[in-house]
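Hi everyone, thanks for making room for me today. I'd like to walk you through one structure, so please have a look at it first.

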Amino acid sequence: METLCKGSEGGAKRTWSEYFRLIGSPGEGKSFLQLVSWNDDFGKSVIEQRAEEESRLTGIRTMPAFNWKLPPGFCIKEEMREWIRDWMELPYISPYTDVSHLGQASREMEKRTVGIFHELLSLSLYKRIPIPILGKFGEEYRFSNAFPNLFTRHSGIFYVSLKAGIKTAMLREAYKADELIDLDPLLEITDKFLELLAEGHKKKSEQLRLQREMIRKDMNFIAARSAIIDDHGDNLGAVRNCKDHGIQQRKLVLNACQAEQRMFSLPLHNKHGWKQYP
């Protein structure tokens with residue numbers, strides 16, 4: 001595995017000492033986590049776990065299989081439909097299984113590769129990962145150079161988003177329209193935090209609005225007073241003092257507006273990306 005983050009070495013070693021061993025030089029930040037014992041229970045994919053759960057609930061053995069569905073109105077040709085049916089009938093190959101004996105161009109290897117992508121997307125919070133990031137696993141999992149074509153070839157399992165100019169693979173079964181079906185608890189915490197930020201932003205903007213309104217009323221009062229002084233020919237010193245006070249009030253308004261503008265330009269991050277409040 002890659003070099004461990006600072007402070008995480010000891011915890012991993014103490015908690016899972018029967019499975020992992022630290023090698024390298026922890027003091028120099030070049031320590032690595034080595035797997036010394038394999039537990040088959042840890043090597044079950046999301047698809048395999050789902051099949052076991054269905055078997056337990058129904059009492060009927062369920063074979064691991066992909067959920068394959070197309071969006072409404074999407075049609076495929078009969079030849080492609082037959083190819084998909086034959087491909088789906090191939091035995092499911094776990095992404096944790098040794099497949100060094102399989103040919104790179106075989107249908108079994110393609111099904112195993114689809115299983116890897118399904119597992120990686122299932123393990124992510126948003127059930128989506130940019131395709132260039134998935135390509136970084138290519139050497140480890142023996143992906144072909146044309147692996148991005150799998151996502152369009154198996155459009156009943158995956159969906160490719162081009163949002164923001166980035167090709168992103170999404171797990172179709174995890175979404176209903178553009179919303180996640182099962183929200184990860186971490187995302188629920190994030191959404192709650194963003195709601196609190198938005199609430200604070202709203203309260204702050206209301207305070208600035210009230211402050212600006214008070215300053216506006218003060219300026220109107222000063223302007224009316226200045227007009228009265230001019231009409232009654234009061235001394236120039238009083239007029240000058242009144243005008244100086246009006247200048248100070250206008251500066252306060254300008255400072256308040258600038259502070260409001262800076263606050264409104266702060267970007268807040270939500271589950272759909274960076275959002276700038278109007």
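Let's start with Tyr159, which stands opposite Met170 in strand E5. Keep in mind as we go that this is a predicted model. A second pair of the same kind is Val160, which has Ala169 of E5 opposite. So what joins E4 to E5, and how do the two strands run? Four bridges do the joining, and E4 and E5, the latter covering residues 168-171, run antiparallel.

If you follow the chain from one strand to the other, you pass through a turn. E4 and E5 make a hairpin, and six residues lie between them. Ala164 sits in that turn, and its phi is positive, at about 60°.

Now zoom out to the sheet. It has three strands, it is open, and the order is E3-E5-E4 with antiparallel pairing. Which strands stand at the edges? They are E3, residues 128-130, and E4, residues 158-161; each has a single partner strand, so each is left with one side that has no neighbour in the sheet. On average, neighbouring strands here are turned by 25° against each other, ignoring direction.

There is also a helix to add to this picture. Helix H4, residues 107-123, packs on the sheet and touches E3, E4 and E5. If you compare directions, H4 makes about 85° with E5.

Let me put that sheet into the context of the whole chain. In total there are nine helices and nine strands. The chain has 278 residues, and 28% of them count as buried. For those of you who like surface numbers, the chain exposes about 19400 Å², with carbon and sulfur atoms supplying 56% of that area. And on contacts: taking those in the chain with a separation of 6 or more, 52% are between residues 24 or more positions apart.

On to charges, which I suspect some of you were waiting for. Side chains of opposite charge can pair when their charged atoms come close. How many salt bridges does a search of the whole structure find? The search finds seven, and I'd like to show you a few.

Two of them are in helix H8. That helix spans residues 185-231, and in it Arg209 and Glu206 are three residues apart, which means they are separated by about one helical turn. Arg209 and Glu206 form a salt bridge, with 2.7 Å between the closest N and O atoms. Both ends are partly exposed: Arg209 has 39% relative accessibility, and Glu206 has 35%.

Further along H8 we find Arg216 and Glu213, again three residues apart, about one turn of the helix. In their salt bridge, the closest N and O atoms are 2.4 Å apart. Arg216 is partly exposed with a relative accessible area of 41%, and Glu213 is partly exposed too, at 27%.

My last example is the salt bridge of Lys44 with Glu52, where the closest N and O atoms are 3.0 Å apart. Are these two residues buried, exposed or in between? Lys44 has a relative accessible area of 27% and is therefore partly exposed. Glu52, at 43%, is partly exposed as well.

That's my tour. If you'd like to go back to one picture, take the E3-E5-E4 sheet with helix H4 packed on it. Thanks for listening, and I'm happy to take questions!

Technical notes. Residues numbered from 1 in each chain as written. Predicted model: local features only at pLDDT ≥ 70, side-chain atom pairs only at ≥ 80, totals over all residues. Heavy atoms only, no water. Pairing = 2+ DSSP bridges. Axes fitted to C-alpha atoms, helices over the stretch in contact; angles between N-to-C directions. Contact = heavy atoms within 4.5 Å. Buried < 20%, exposed > 50% of the residue type's maximum accessible area, 1.4 Å probe, protein only. Areas by Shrake-Rupley, 256 points an atom, 1.4 Å probe, with all protein chains shown as cover. Salt bridge = Lys/Arg side-chain N within 4 Å of Asp/Glu carboxyl O.
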